[in-house]
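User: Please take a close look at the buried interior of this protein. I would like one connected account of how it is built and what lies around it.

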Amino acid sequence: ESYDLGGHDTYMHKEITEQADAVDRVLRGRIDDRFATVHLGGLNLDPREARAVRRVKILGCGTSYHAGLIGAQMIEELARIPADAEPASEFRYRDPVVDPDTLYIAVSQSGETYDALAAVQELKRKGARVLGVINVVGSAIAREADGGVYVHAGPEVCVVSTKCFTNTVVSFGLLALHLGRTRDLSVKDGKRIIEGLRRLPGQIAEILEQEPQIEKLAKEFADARSMLFIGRVRGYPVALEASLKLKEVSYIHAEAYPASELKHGPLALIEPAMPTVAIVPDDDLLEKNRAALEEIKARSGRILAVAHQEQEKADRTIVVPKNEDELDPILMGIPLQLLAYHTALALGRDIDKPRNLAKSVTVE
Ligand code: G6P
C-alpha cells in the first residue's frame, strides 16, 4: 500500500476500501491451527506471565480508545480476565493506583500521541508491565513498551482513522485469543474464533460492495443537525466510534448512548428531525435491542439499523454478514465509516483534513 491516492478522491475513501487486504495482512503468519491459538512474536509475555495477569487496563485516545473498549470486551469474553479501557489522558491525571498484577496496554495508530506516551512513561516509572498495540513500527510508544502487537494497517494518511481502527480491533481479537488459550479457552472455542477471523476479509469485501446503497442513505440523513447512535454491550463501542467518525468528517453533532440508557434521558430528544443509528447484532441481546427500536419508533424517530437481518421497526437497515458473536463488532462499524464519508462528501467537507483536527497530537 502506498501514499498515492490510486484513483480515489480522498485518502479516507482509499483507506476504507483497503480494509479487507489490511485485515488479511494482520492475520498472516500468526495463526497456529494445531494448537488453536495465535503467535504474536513481539508480545514478550511467556505463558506463566500471561497466566499471572489479574486485570487488563487499556489506554488510548480518540479512535484508539474506542478500539480499546472493544479490545477489553474481547479479552474479558475470551480470556475471562477483567478488562477495561480508559482515555489515556484521564488515566494520567487521576493519579491512578498502579497495580503489579495488571497488564497495561497502550493503543495508538501513530505511537506518538503525547497523552498516551506520557501515560506509558508514568506506568513504567511505577514498575508496571506495558504492552503496545501500535501501527507505526519503531514509534515512541512502541519503543517505550515492554512488547506488543503491531497492527500492520499500512500507512494511514486521512486524519480520521478507519483501516487502522479495524486492524487494531482485529489485533485485540488475536491478543484475546492468545491470552484465552493460555488460560481456560477451549481448543473448540479457539478453533471457532480462528475460523471467524479467517472469514473477516471476505465479509469486509461484502460490506464494501454495499457502498452505492450506503451513499443513498447518507444523502437521506445528511440534512440532520444531530444524530443519536445507540448500541448495547458489544454494540456500544461501535456506536461510540461511528458517532465520532460522523462528527469528525461531517461536522454533524452526534452522540452515542448505551441503548439501555435511552429511557434515562435521550428519549426526550427523539423526534423526526433527530435520527437514530442503532447497532443491532444477532446475539443474546437482540430482543432487548428491538424493544429500544420500538421505543424510538413510538416517538416518531427515524431509525437506521446496522444489523444481521432486516429490522422491521427501522426505516432503513444495513445488513452486515454475521461472524462469531465476539468478533461481530469488527464488522458492524465498517458501513458506518462509509456513511460518515458519504455524508461529509454530500456536505462538501474537507474529508481528509477536517477543521481543527490533527492526525497525531504530539503535544499536551
Ligand atoms: C488524533 C486523531 C484521531 C486519533 C487520535 C489518537 O486526535 O485525529 O483520529 O484517533 O489522535 O491517535 P493515535 O495515533 O494515538 O491512535
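Analyst: Of the 364 residues in the protein, 54% are buried. The model is a predicted one, with a mean pLDDT of 96 and 99% of the residues scoring at least 70. Its ipTM is 0.96 and its pTM is 0.97.

The interior is best read against the overall fold. The protein has 14 helices and 12 strands. Its radius of gyration is 20 Å, and the globule rule gives 21 Å for 364 residues, so the protein is as compact as a globular protein of that length. Along the principal axes, the C-alpha atoms fill a box of roughly 55 × 40 × 40 Å. Among contacts between residues at least 6 apart in sequence, 74% join residues at least 24 apart.

In soluble globular proteins, nonpolar side chains tend to be buried together. Here the largest nonpolar core holds 124 residues, and I75, A106 and A278 have the most contacts inside it. Helix α8, residues 163-182, gives the most to this core, with 10 residues.

Which residues does A278 touch, beyond its neighbours within four places in sequence? The contacts of A278 are I230, N289, A292, L293, I303, A305 and A314. Two of the elements in that part of the chain are α12, which spans 286-297, and β11, which spans 303-307. By their numbers, N289, A292 and L293 fall within the first of these, and I303 and A305 within the second.

Helix α8 can be followed through L175, which sits in that helix. L175 has 25 other C-beta atoms within 10 Å; the cut-off for a buried residue is 20 or more, so L175 is buried. Leaving aside neighbours within four places in sequence, L175 is in contact with L40 and V149. A separation across the model can also be given from this residue: V249 is 74 residues from L175 along the chain, and their C-alpha atoms are 31 Å apart.

Strand β2 contains V38, a buried residue with 24 other C-beta atoms within 10 Å. Not counting residues up to four places away in sequence, V38 touches R30, I31, D32, L174, L177 and H178. Of these contacts, L174, L177 and H178 have numbers inside the range of helix α8. The C-alpha atoms of V38 and V137 are separated by 20 Å, with their positions 99 residues apart along the chain.

Just before that strand, A36 lies in the loop between β1 (31-32) and β2 (37-38). A36 is buried, with 20 other C-beta atoms within 10 Å. Its backbone deserves a check: most residues other than glycine have a negative phi. Phi of A36 is positive, near 50 degrees. S300 also has a positive phi, near 60 degrees, and is placed in the loop between α12 and β11. Unlike A36, which is buried, S300 is exposed, with 11 other C-beta atoms within 10 Å.

V187 is another exposed residue, with 12 other C-beta atoms within 10 Å. V187 belongs to helix α9, residues 187-208. F35 is 152 residues from V187 along the chain, yet their C-alpha atoms are separated by 7.2 Å.

The remaining part to describe is the surroundings of the ligand. The ligand is surrounded by 17 residues, of which G62, T63, S108, S110 and T113 are the closest. This shell consists of seven nonpolar, nine polar and one charged residue. Helix α4, residues 62-79, gives the most to the shell, with three residues. The number of I75, one of the residues with the most contacts inside the core, also falls in the range of α4.

Next in sequence after T113, which is among the closest residues to the ligand, comes Y114 in helix α6, residues 114-125. Is Y114 buried, partly exposed or exposed? With 17 other C-beta atoms within 10 Å, Y114 is partly exposed. Leaving aside neighbours within four places in sequence, its contacts are V361, T362, V363 and E364. Y114 and C61 are 53 residues apart in sequence, and the distance between their C-alpha atoms is 9.6 Å.

Methods:
Residues are numbered from 1 along each chain as its sequence is written. This is a predicted model: local features need pLDDT of at least 70, side-chain atom pairs count only at pLDDT 80 or more; totals for chains, interfaces and linings use all residues. A residue is near a molecule or strand if its C-beta atom, placed from the backbone, lies within 6 Å of it. Helices (H or I, at least four residues) and strands (E, at least two) are DSSP runs, numbered from the N terminus. Ala, Val, Leu, Ile, Met, Phe, Trp, Tyr, Cys and Pro count as nonpolar, Asp, Glu, Lys and Arg as charged, and the others, Gly among them, as polar. A nonpolar core is a set of buried Ala, Val, Leu, Ile, Met, Phe, Trp, Tyr and Cys residues joined through C-beta atoms within 7 Å. Two residues are in contact if their C-beta atoms, placed from the backbone, lie within 7 Å. pLDDT is the predictor's confidence in each residue, from 0 to 100. The radius of gyration is taken over C-alpha atoms; the globule rule is 2.2 Å times the number of residues to the power 0.38.
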